[in-house]
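Visitor: I should like a close look at the surroundings of the ligand, followed outward into the parts of the chain that supply them. Please take it slowly and state the cut-offs as you go.

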Amino acid sequence: MTTDWQNWSGSQKHAALELAFPESELAVADLIQRAAGAGRNVRGIGSAHSFVPFWTDDYLVSLDNMAGLISHDAAARQVTVWAGTKLHQLGEPLWNLGLAMENMGDIDRQSVAGAISTGTHGTGATLQNISSQVVGLRLVKANGAIVDIDRSTDADLLRAAQVSMGTLGVITQVTLQAVPAYHLHERNWQASVAECAEAREDLIANNRHWEFFWDPQTDQCAMKTLNATAAHSLDSPLQGQNIGRSYRVIPSSREFKFNEIEFSVPAAAGWECFLALRHLIQTDFDDVRWPLEYRTLKADDIFLSSANDRDSVTISAHQGAKQPYKAFFSAVENLFREYDGRPHWGKIHTQQASQLEVSMPQFNRFREIRQSMDPQGLFLNPFLKTVFGVD
Ligand SMILES: Cc1cc2nc3c(=O)[nH]c(=O)nc-3n(C[C@H](O)[C@H](O)[C@H](O)COP(=O)(O)OP(=O)(O)OC[C@H]3O[C@@H](n4cnc5c(N)ncnc54)[C@H](O)[C@@H]3O)c2cc1C
């Protein structure tokens, strides 16, 4: 008896031997030991919003039943949450403590464990990815041991675990560094590519968040800025503007399903890379109707972060979930490679260990840690074996 299952976009489908919803860390450890005993693989699953083949027909572990706030350190502004908590379940409880996440991505449907495991990020040149908000976590290892990891116990292990695609163990708890609760003022407007080019340096420097979506059909940029404000709402309605709590303003809803590729490139190369992608679409893929998204991301020190040791621009391309994407994404990926691009781990890419050890300075350090944490490869699958160069 197997459980049929698919990811958000429908690009990944599995018939899993077992899709488990444990309610305790001991139950997670028990499942891991059972799988190891049976010579099967175990993969964590959050909201299944990733586009790549992260999963397995063996054992899937969802922490949907391990969600919510566990504890709160008011002085340090830190909260410990169950790793299965969805980001949209965090906003209100944090707000009630006078806190908020420093930044979020385009949506809030991901689980905490899933979001951090792929280096999920939002936009803002002074803001790092969500994994950077992690100051500690607990995971269940391949041998069933439950371990706490933070900077003081093992800084390198934390840097590895902060973005680890489920390959070090099943993460059960995460301690996040929050910031004081804040409201955001959102402004949206349309600009031509020339206007965007002229304004972009100022927009990056003078706004907490700036991003744009370039529409290949109109050749226009849908620009958006977000800035902290003391106001709690607009005095009167203004077109394209909104003020509200950060956790309500940052995320959007995505009604239509798509597949996506995204790479980070050095910040200084971002605009040139965008222009090259625009040219590629206009010349070779003029049937593409989905936009390019352009965002900024501050450098960090997490081993597998796409912004490891470099301020970055992230650019993503999309294609409708039911439309063929391989030729388009392959051309996009080749172009990203010309700009020293690094993949978003949750989005479609074909990068392999031999390429990643060149583009990611700490890739081999991560591989050593992964090997020592899970020598038998319990938490790997064929896709991840290719990524990490494991036979
Ligand atoms: C509509 C949409 C919008 C998006 N917007 C953004 C965005 O703005 N910014 C951005 O950076 N990305 C974005 N993404 C990508 C998305 O944030 C990532 O793919 C993220 O990892 C999904 O989280 P999830 O909870 O669905 O995790 P999943 O996709 O289920 O899993 C992701 C990884 O985490 C691992 N994992 C899950 N739970 C555990 C656990 N308990 N322990 C150990 N490992 C675990 C999985 O094995 C897998 O390797 C978007 C995706 C979609 C579909």
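Guide: The shell around the ligand is made up of 12 nonpolar, 16 polar and three charged residues, where Ala, Val, Leu, Ile, Met, Phe, Trp, Tyr, Cys and Pro count as nonpolar, Asp, Glu, Lys and Arg as charged, and the others, Gly among them, as polar. The model is predicted, with local features requiring pLDDT of at least 70 and side-chain atom pairs counted only at pLDDT 80 or more, whereas totals for chains, interfaces and linings use all residues. Residue numbers run from 1 along each chain as its sequence is written.

There are 31 residues around the ligand, and those that come nearest are Gly44, Gly46, Gly105, Gly114 and Gly346; a residue is near a molecule if its C-beta atom, placed from the backbone, lies within 6 Å of it. Helix 3 gives the largest share of this shell, four residues, and strand 4, helix 3 (112-117) and strand 11 (170-177) each contribute at least two. Helices (H or I, at least four residues) and strands (E, at least two) are DSSP runs numbered from the N terminus.

Strand 4 is a convenient place to begin. It belongs to an open sheet of three strands in the order 3-5-4, with parallel pairing; two strands pair if DSSP finds at least two bridges between them. Strand 3 (18-20) and strand 4 (42-45) each have a single partner strand and stand at the edges, so one side of each is left without a neighbour in the sheet. From one strand to the next the twist averages 25°, with axes fitted as lines to C-alpha atoms, for helices over the stretch in contact, and angles running from 0 to 180 degrees between N-to-C directions. Strand 4 is joined by four bridges to strand 5 (residues 59-62), and the two run parallel; Ile45 has Ser62 in strand 5 as its bridge partner. Helix 1 (residues 25-37) packs on this sheet, where it touches strand 3, strand 4 and strand 5, and its direction makes about 170° with that of strand 5.

Strand 11 leads to another set of pairings. Six bridges connect it to strand 9, and these two strands run antiparallel; across them, Leu137 has Val174 in strand 11 as its bridge partner. Five of the seven residues of strand 9 are buried, so strand 9 is largely enclosed by the rest of the structure; buried here means 20 or more other C-beta atoms within 10 Å of the residue's own, exposed means 12 or fewer, and partly exposed lies in between, with C-beta atoms placed from the backbone. Strand 9 is also joined to strand 10 by five bridges in an antiparallel arrangement, in which Leu139 is partnered by Val147 of strand 10. Strand 9 and strand 10 form a hairpin with five residues between them, and Gly144 in the turn has a positive phi of about 90°.

The shell can also be considered by domain. The chain is divided into domain 1 (69-180) and domain 2 (183-353), bounds that come from an automatic or database domain assignment, and each of the two supplies at least three residues of the shell around the ligand. Their centres, taken over C-alpha atoms, are separated by 23 Å. In domain 1, 28 residues are in contact with 30 residues of domain 2, contact meaning that the C-beta atoms, placed from the backbone, lie within 7 Å. To the side of domain 1 that touches domain 2, helix 2 (91-96) and helix 4 (151-161) each supply at least two residues, and that side divides into 10 nonpolar, 15 polar and three charged residues.

Helix 4 ties this contact side back to the hairpin described above. Leu157, Arg159, Ala160 and Ala161 are its buried residues, and what covers them includes strand 9 (134-140), strand 10 (146-150) and helix 10 (363-373).

Within the residue range of domain 2, strand 17 offers a last view. Seven of the nine residues of strand 17 (residues 258-266) are buried, which leaves the strand mostly covered. Nine bridges join strand 17 to strand 19 (residues 312-320) in antiparallel fashion, with Val265 opposite Val313 of strand 19. Two further bridges link strand 17 to strand 20 (residues 342-343), again antiparallel, and there Phe263 stands opposite Pro343.

Technical notes: Contact = placed C-beta atoms within 7 Å.
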